[in-house]
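User: Could you walk me through a few local features of this model, starting with strand pairing and then moving on to rings and empty space?

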Amino acid sequence: MTNDMHYLNLLSQSFPTVADAAKEIINLEAIMNLPKGTEHFLADIHGENEAFEHVLKNASGNIKRKVGEIFGNSIRESEKKELCTLIYYPEQKLELVKAVEPDIDDWYHITIHQLVKVCRDVSSKYTRSKVRKALPQEFSYIIEELLHERTDDQNKAAYVNVIVDTIISTGRADDFITALCNVIQRLAIDQLHILGDIYDRGPGAHIIMDVMRRYQSWDIQWGNHDMLWMGAAAGNDACICNVLRLSLRYANLATLEDGYGINLVPLATFALDTYGDDPCEEFIPKLLKNNRMDDKTLQLTAKMHKAIAVIQFKEEARIFHRRPEWAMEDRCLLEAIDPERQVLTLGGQEYKMKDCHFPTVFPQGSSSPTFDLTAEETDLMQKLHHSFRVSEKLRKHILTILSHGCMYNICNSNLLYHASVPLNDDGTLKEVEIMGQPYKGRQLMEYIGQLVRSAFESDTEPELKAYAKDYFLYLWCGKESPLFDKSKMATFERYFLDDKTTYKEEKGAYFRLRDNEAVCDHILDAFGVTGKNRHIINGHVPVHASKGENPIKAGGRLMVIDGGFSEAYHSETGIAGYTLIYHSRGFQLVQHEPFTSTKDAIMRGTDIKSTTQIVEMSAHRMLVADTDKGAELREQVSDLKQLLHAYRHGIIKEKRN
């Protein structure tokens, strides 16, 4: 009772009278009866900033659907399309309209009224207080008035029309329309969930992170590619090498150079000096459609690619030998090469090598190999390490990922994680040893989250910090990593061996068993996920829609929403990604075709073509009361009712002025 009284006394500071407490109870009870807000799930964005931003702007087609419902047959399809484009890209679309519209004031008048209707619809799920917080300060009062007054009310028609006329006559129409469009975008999505892998392959991961730093409400479940960049920012040199290698593999240097100011000149100089006569054929980058290179730049990129790959294998081997408990010393493949016979011994079998030119491993004229970094490689890595560590923008972006994310999340009876939960072959949770201690399931995910954060905290004990820094590499490619969960990462084999049987990466038991409903229920039980309609939602492994693979698995228990957002996957998956929408009426899975470009979206009104699949509809429209937020509000109401009881029985005195 003492603790209860202490809490009630603290609560009375915020609600000092019976009237204050009663008013808050009424407010909370009312909020619980509003429709559930829309949750938006995306995974494996992989630097595709234009497509990502477009999906955010159109809320995976949700805004287009609402415009269709609101206006029906009252306006033409072409006008609906124009209105949607305006909502997505207001500043750019306004410039196009003003260049061709003969009566711009009339257009302003019609358009503002249309936008107010759309804004009224998307804001109807929220309290006035929440909508008010979403409004830009300079137009807050005006938008609020227009949202809550209607021209069909004869008493208010003139009032509303004069507001609109005055906005136009004072030259504020463009700014007002832009503000209104941004409010519509913001209110169309209540909560954004990113299921990992913002980084690598595409050109604009840093642009995506700039968007996320400004975004109103979101969380991220870390992916293996995010973890690689986090490791690089923490100072893990093997992760730095992997980040550079992947960027060079896809000729994607914009994020490194333009985004984070990473100086690649020392790497280019070293590559030319060391591999100048090497054609580096296996290291020619994969050029995506919007990436063109002249032959000279292509050759330089290939040499830089090989140079950093060899250093990566050395840096990884250093960590694998330092951490024998990981059982990954068999991945130190530079040590398995016979340079004279040009073969590699792998799993007791010899394989012919495509390329055996390793001047920094087998120096010409030397009788013994050098598996440690040469003096030149050491100097290069010191410069690259410094460049990553002093990048202020990279530091800010990684801290943002840390503050908004972790390994998993449970939200409204949905368990979210990027890739897997390590399992035994019988579907039970697999114990994974970290620093001599076994962890599994939820406990494993939570400890990894703590370990990752400890690498960035200044007061972490040195031994733990050193292990945490090394562990980023294990999370990237370790056999029992929840972010990888395969027998090996066959990077070396793909570069240097012809025999494609060596490329096979055996997936862990999770990927073999995830279509089993009982296994999914076991995982959900282990994480304490309750609810009649509970699900696992993850990404990581692209769904091959072109081959008929279904993203809905285990009888609807599990949804895999990596459909290949990255252009590099389009030919493999046949689509350009999935997004999942969870609104008050249930789940909808949206399958996207490739996005052309932002320019096309603005100039021609092209949208991402999408196919919507109804995954699961609710018997009744879900309310805030049916969500995790509703459970929190019920607890608050219960506490406030106890405070009312204490006031009315004189246990606590009201604090009247």
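User: Which residue in β6 is the bridge partner of L344?
Analyst: The partner of L344 in β6 is Y351. Strands here are DSSP runs of E with at least two residues, and helices are runs of H or I with at least four residues, both numbered from the N terminus. This is a predicted model, in which local features need pLDDT of at least 70 and side-chain atom pairs count only at pLDDT 80 or more, whereas totals for chains, interfaces and linings use all residues. Residues are numbered from 1 along each chain as its sequence is written, and side-chain values use heavy atoms, with hydrogens and water left out.

User: And how many bridges hold β5 and β6 in register, in which sense?
Analyst: Strand β5 (residues 343–346) pairs with β6 in the antiparallel sense over 4 bridges, where pairing requires that DSSP finds at least two bridges between the two strands. The two belong to an open sheet of 3 strands, in the order β4-β5-β6 with antiparallel pairing, and the edge strands, β4 and β6 (349–352), each pair on one side only.

User: What does β1 pair with?
Analyst: Strand β1 (residues 39–42) is paired with β15 in the antiparallel sense, over 4 bridges, and within that pairing H40 stands opposite I581 of β15.

User: How many residues of β15 are buried?
Analyst: In strand β15 (residues 578–583), 6 of its 6 residues are buried, with buried meaning under 20% relative accessible area, exposed over 50% and partly exposed in between, for a 1.4 Å probe and protein chains only. In a regular strand the side chains alternate between the two faces of the sheet. Both faces of β15 are covered, with Y578, L580 and Y582 buried on one side and T579, I581 and H583 buried on the other.

User: What sits over the ring of Y582?
Analyst: The charged end of K36 does, 3.9 Å from the ring centre of Y582; the criterion is that NZ of Lys or CZ of Arg lies within 6 Å of the ring centre and within 35 degrees of the ring normal. Another case is K306, which lies over the face of F358 at 5.6 Å from the ring centre.

User: Switching to ring pairs, how many aromatic pairs are there?
Analyst: The structure holds 24 aromatic pairs, counted when rings of Phe, Tyr and Trp (its six-membered ring) have centres within 6.5 Å, with planes under 30 degrees apart called stacked, over 60 edge-to-face and the rest tilted. One of them is W326 with Y471, an edge-to-face pair at 6.0 Å centre to centre and 75° between the planes. That pair links distant parts of the chain, 145 residues apart, with W326 in the loop between α17 (295–322) and β4 (337–338) and Y471 in helix α21 (residues 462–477).

User: Are W326 and Y471 buried or exposed?
Analyst: W326 is buried at a relative accessible area of 6%, and Y471 also counts as buried, at 2% relative accessibility.

User: And what about F358, which you mentioned under K306?
Analyst: F358 forms an edge-to-face pair with F362, at 6.4 Å centre to centre and 70° between the planes, and F358 counts as buried at 2% relative accessibility. Ring pairs link F283, F313, F358, F362, F492, Y495 and F496 into a cluster.

User: Now the empty space: how many cavities are there?
Analyst: The count comes to 6 cavities of 30 Å³ or more. On a 1 Å grid over the protein atoms alone, a cavity is a set of points where a 1.4 Å probe fits but cannot get out, a pocket is an open set with protein on both sides within 12 Å along at least five of seven lines, and lining residues have an atom within 4 Å of a point. Points are joined across faces, edges and corners, and a volume is the space filled by probe spheres set on them.

User: What lines the largest cavity?
Analyst: The largest cavity, with about 140 Å³ of space, is lined by 13 residues, of which F313, E316, R331, M489 and T491 lie nearest its centre. Its largest share of lining, 4 residues, comes from α17.

User: Which element gives the most to the second largest cavity?
Analyst: That is α17, with 5 residues, in a cavity of about 80 Å³ whose lining includes F313, F320, F371 and F492.
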